[in-house]
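Colleague: I've got this one open on my screen and would like to walk through it with you. Mind if I fire off some questions?

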Amino acid sequence: MKNFLSIDDVSDPGALVEKALGYKKDPFRDKQLGAGKTLGMLFLNPSLRTRVSTQVAARNLGMEVIIFNIDKEGWQLEFVKGVVMDGKSTEHVKEAAAVLGQYFDILSIRTFPDLKNKDEDYAEQVISQFVKYAGVPVLSLESATLHPLQSLADLMTIQEITGASRRPRVVMTWAPHVRALPQAVPNSFAQWMVRWNKADLVITHPEGYELDKRFTGPAVIEINQEKALEGADFVYVKNWSSVEPYGQILTTDPSWMITNKKLQNTNHAKVMHCLPVRRNLVIADEVLDGKNSIVVQQAGNRVWAAQAVLGEILKNT
Ligand code: SN0
């Protein structure tokens, strides 16, 4: 593996899930693999789980980590080519990425979309320029349209709970929110689930919240949430803003919130969310505090997912 930007960088998702589960059982089995290597972590946006779990994962492999909150502590970066830089931005990504590539063996980046222009966000103009100019492997810590480390941890969690039993029914449901959020988590989850092909994926959302087909592919879309949830083994809850028109809140209908009543006709479904989650807006307290919630286990698995990916990249660096 060279870069890790999406599932397209993964030749065998099932094997990567198994590798992550292996690290969970034996965290230090490759503790020399990253000795003498440094991971740079650049944040253009906030992070809790991704930041800390990746740092722990890197340490388990013997790596050094340097974190840079470039949005708060760096010069304002320019990403547009050929502009006269007489405005707010001080430094072009061409120099910034190339320089950072001199300091690290692997460069990781978190960058959210602006949610203003779909073409720009979906072209991944921030992370793709780091790939172009850094000259070292680049690892996504969530980009404008995808969150692959999250998705790997999600699959790992489903695999861990399902084991060798029958193919589970996984329902990803939209839930209300007060802010316009990226589509990165649902896009990525759908893409990984489809490619992994070890579960049946159903996506439910109010009309108008259709995700880009390039990520959801053959997944079943059901706009009746109650019908979608019937018989679910896993309910993956997430808000996202609309794709068309881009980045809008079309409804905040509270009846889409996940409550115990909503879970009544599921197959004792386990409830997942990438976190952070706004209680009693997205998911009710009774669910998050109940026995069906696996959000903490899911977040815990972020370490092993990050370790599996770093382990793969380190093999080639
Ligand atoms: C981000 C998202 O992509 O939805 C990060 C998820 C890992 N979530 C948020 O930005 C939540 C913001 C909020 O105000 O609740």
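Colleague: How many cavities of 30 Å³ or more does a search of the whole structure find?

Modeller: Keep in mind that this is a predicted model. Searching the whole structure at that size, 30 Å³ or more, the count of cavities comes to one.

Colleague: And how much space lies in the largest cavity?

Modeller: Its lining includes Trp174, His177, Arg179 and Tyr209. Asn239, Trp240, Ser241, Gln248, Ile249 and Thr251 line the largest cavity too. The space inside is about 30 Å³.

Colleague: By class, what does the lining of the largest cavity have?

Modeller: Trp174 and Ile249 are among the lining residues, and Trp and Ile count as nonpolar. Arg179 is also in the lining, and Arg counts as charged. The tally for the lining is four nonpolar, five polar and one charged.

Colleague: Over to the sheet. Which strands stand at the edges, and why is one side of each left without a neighbour?

Modeller: Five strands form an open sheet, paired in parallel, in the order E9-E8-E7-E10-E11. Two of them have a single partner strand each, so one side of each has no neighbour in the sheet. Those edge strands are E9 (220-221) and E11 (270-272).

Colleague: In E9, what is the bridge partner of isoleucine 203?

Modeller: Strand E8 covers residues 200-204 and pairs with E9 in the parallel sense over two bridges. For isoleucine 203, the bridge partner in E9 is isoleucine 221.

Colleague: Helix H8 lies across the sheet strands E7, E8 and E10; at what angle does it run to E7?

Modeller: Helix H7 (residues 148-162) packs on the sheet as well, touching E7, E10 and E11, and its direction makes about 160 degrees with that of E10. Helix H8 takes in residues 184-196, and its angle to E7 is about 165 degrees.

Colleague: Which proline follows glutamate 244 through a cis peptide bond?

Modeller: There's a cis bond between leucine 275 and proline 276, with omega about 5 degrees, and proline 276 sits in the loop between E11 and helix H11. The bond from glutamate 244 has omega near -5 degrees, and its proline lies in the loop between E10 and E11. That one is proline 245.

Colleague: Histidine 268 has a positive phi although it is not a glycine. Is it buried or exposed?

Modeller: Histidine 268 is in the loop between E10 and E11, with phi about 45 degrees. Its relative accessible area is 66%, and the cut-off is over 50%, so histidine 268 counts as exposed.

Conventions
Residues numbered from 1 in each chain as written. Predicted model: local features only at pLDDT ≥ 70, side-chain atom pairs only at ≥ 80, totals over all residues. Heavy atoms only, no water. Pairing = 2+ DSSP bridges. Helix = DSSP H or I, 4+ residues; strand = E, 2+ residues; numbered from the N terminus. Contact = heavy atoms within 4.5 Å. Axes fitted to C-alpha atoms, helices over the stretch in contact; angles between N-to-C directions. 1 Å grid on protein atoms, 1.4 Å probe; cavity = no way out; pocket = protein on both sides within 12 Å on 5 of 7 lines; lining within 4 Å. Points joined across faces, edges and corners; volume = space filled by probe spheres on them. Buried < 20%, exposed > 50% of the residue type's maximum accessible area, 1.4 Å probe, protein only.
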